[in-house]
Structures are given as structure tokens and as C-alpha cells.
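Trainee: I should like to examine how certain descriptive terms are justified for this model. May we take them one at a time?

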Amino acid sequence: MKLLVYGAGVLGSLFSARLHEAGHDVSLLARGERLAALRRHGGVRLAEENSPVVRLVPVPVVEHPAGGYDLIAVLVRTHQTDAVLESLAGSEGDVLFLLNWAAGAEPLGAVIGHERVLLGFPTAAGTMDGDVVRYRAANFLTRRVVMPIGEPDGRTTPRLERIVEAFRTTGINARPEPRMDAWLKTHAAFEVPLGQAVHAAGGPAALADDPDAVRGMLHLIRQNLATMPTPPVPRGFAALRTLPEGLLVALLRRFLRSPTAAHSALNNTSPAEKAELDRLAEQMRAYAKVR
């Protein structure tokens, strides 16, 4: 397939680099200062966590989506999606939205065509250090984390199988997910209180030091999960409703102090991060109101 990764932040850069290294025909769409940096260096610069070793992956970079793509993978923030939809409305090819999104496939398909839409969520993580993307080194546990991708109607189609296989060639544990919309809503039910609490505290480690704030965050997560008409997806999220509060608070505080939290978007308390959480919370409120 001819691929376009739309969005050159941490995740878009990581995914395009992995696809390029796996031999795929992939381009990375960037804008502004990020575009200038990528062109200046001749590709994506990557480094493992705090390693001084930086490697360059020569991913071709474009400023505007051209024609002829078999798949466009969109990796942008939730509040940036409207602008992306506008730019893709007149193009062709399937579009896989890999982002925080709790509004379902309908508003996406209404702009670009319902037949083009696929939903998913990226499970990689990292941080931006200047123009270098720093990511956590893969290990036994991270390799087992599943990246879900699904058709809006839950079918396993030939195109879904092709897309999953393309990502699996990069070492990403992609899998078809028949309940992708429920998966995204479950994740939003968890992500919004977590992200807002981290932002208010000033970072994941600071939140871990405030058990009362973690306890309040857990209450909001439980309220969100209770509004869902179906069981959480993945099923493991049901533990957030059933396990003792004290145990969950302890586990959440441990996670917030972990390298996984440190090398993830949770460690980003920028205005853009807050804007994304606000848009995602708005989608959750609209969903609860409809119910």
C-alpha cells in the first residue's frame, strides 16, 4: 500500500518511521516548524528514552495530502480533527483515525464519506525533546499491548486485514477490534479524568504524590464507566469499577510514577493537551446527554 501518516507529532513520527523501516511506501505530513525541522534533518530523528544516541529515519515529508494513497493514517489531537477532515474531503483512499475520539464514526464519515472511515487507537508512546522523538524501549510487556483497529460496523473486512498486517510488519501488535467505538468510549472514560487530574497537578509524578486527588480522579472514572450502555472494552477496565478503592489508588499512584507515564503524553501539560482533553470531555458529555 501507498501510505500517508497525517500528523508529525510524537506518534505520527514514530509510526511513519516504523513503517518506513519495514519497507513500506510511506510519507509523513507535517506543517509549520515541525515541517521545517524534518526537512532540515532529512527525516525523523529518534532516540530511546534518555539515550544520547539519536538515529535518523529518512521518511519522505510532505506539506499537503496528494492523491493516490491507499491509506491515510490520521494521528492528530482530538480538537485538530475538524481541520484534517476538511483537507481530506476531496481526496481518495481509506482513512484510519488513530486518536482519542468518543464521538463515533458518523461525524467523520459525514465529511469524507462513510465508506472511507476506519477507527483505531495508537498504543505507542513517547515525548518530544526539541526535534527528537524519545520513546520507551520495547520489552516483553509492551510488545504484548494490542493496538486495536476496527471497521465502524464491527466486520472483519479484507481492507482491515491488510491494514492490520501492514502495522504488524513493523513490530506493532495490531489486532482487529469488532467493538472499536465502545473501545474508544471506554478509553475516553478513563483518559479524560486522568489527563485533567495530571494537568491540574502539573505532571504524573506530582499527581502520584496527592492520594486524595488520585481518589477523586478514580471516582470520576467510575462515574464515566457507569454511563456506558455496554460493558467496558477491553474487559479489564471493569476492574476499575469492582476492585477495592484503596488497591486501585495504590496501583494508579504506582503507574503515575512509572517510566511508562514519564515517557507518554501524560507528561505533557501544554495548552494543546488541555484543549484535546476539553474536546474529548465535550464528546463524552454529548454522548451521555443522548443516552
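Mentor: Let us begin with helix α7, in what is a predicted model. Helices are DSSP runs (H or I, at least four residues) and strands likewise (E, at least two), numbered from the N terminus. Residues are numbered from 1 along each chain as its sequence is written. Local features need pLDDT of at least 70.

Trainee: What makes the span of α7 close to the expected one?

Mentor: The expected span is 1.5 Å times one less than the number of residues. α7 has 22 residues, for which 32 Å is expected, and its first and last C-alpha atoms lie 31 Å apart; therefore the span is called close to expectation.

Trainee: How do you know where α7 bends?

Mentor: A bend is the angle between axes fitted to the seven residues ending at a residue and the seven starting there. At Glu 191 that angle is about 25°, and Pro 193 follows within four residues.

Trainee: Why is α7 called mostly covered?

Mentor: Buried means under 20% relative accessible area (1.4 Å probe, protein chains only). Because 17 of the 22 residues in α7 are buried, the description holds.

Trainee: What makes β5 and β12 edge strands?

Mentor: Strands pair if DSSP finds at least two bridges between them. The open sheet of 8 strands runs β5-β2-β1-β6-β7-β8-β11-β12, and β5 (61–62) and β12 (174–176) each pair on one side only. Strand β2 is joined to β5 by 2 bridges, so this pair meets the criterion. The two strands run parallel, with Leu 29 opposite Val 62 in β5.

Definitions and conventions. Predicted model: local features only at pLDDT ≥ 70, side-chain atom pairs only at ≥ 80, totals over all residues. Heavy atoms only, no water. Buried < 20%, exposed > 50% of the residue type's maximum accessible area, 1.4 Å probe, protein only.
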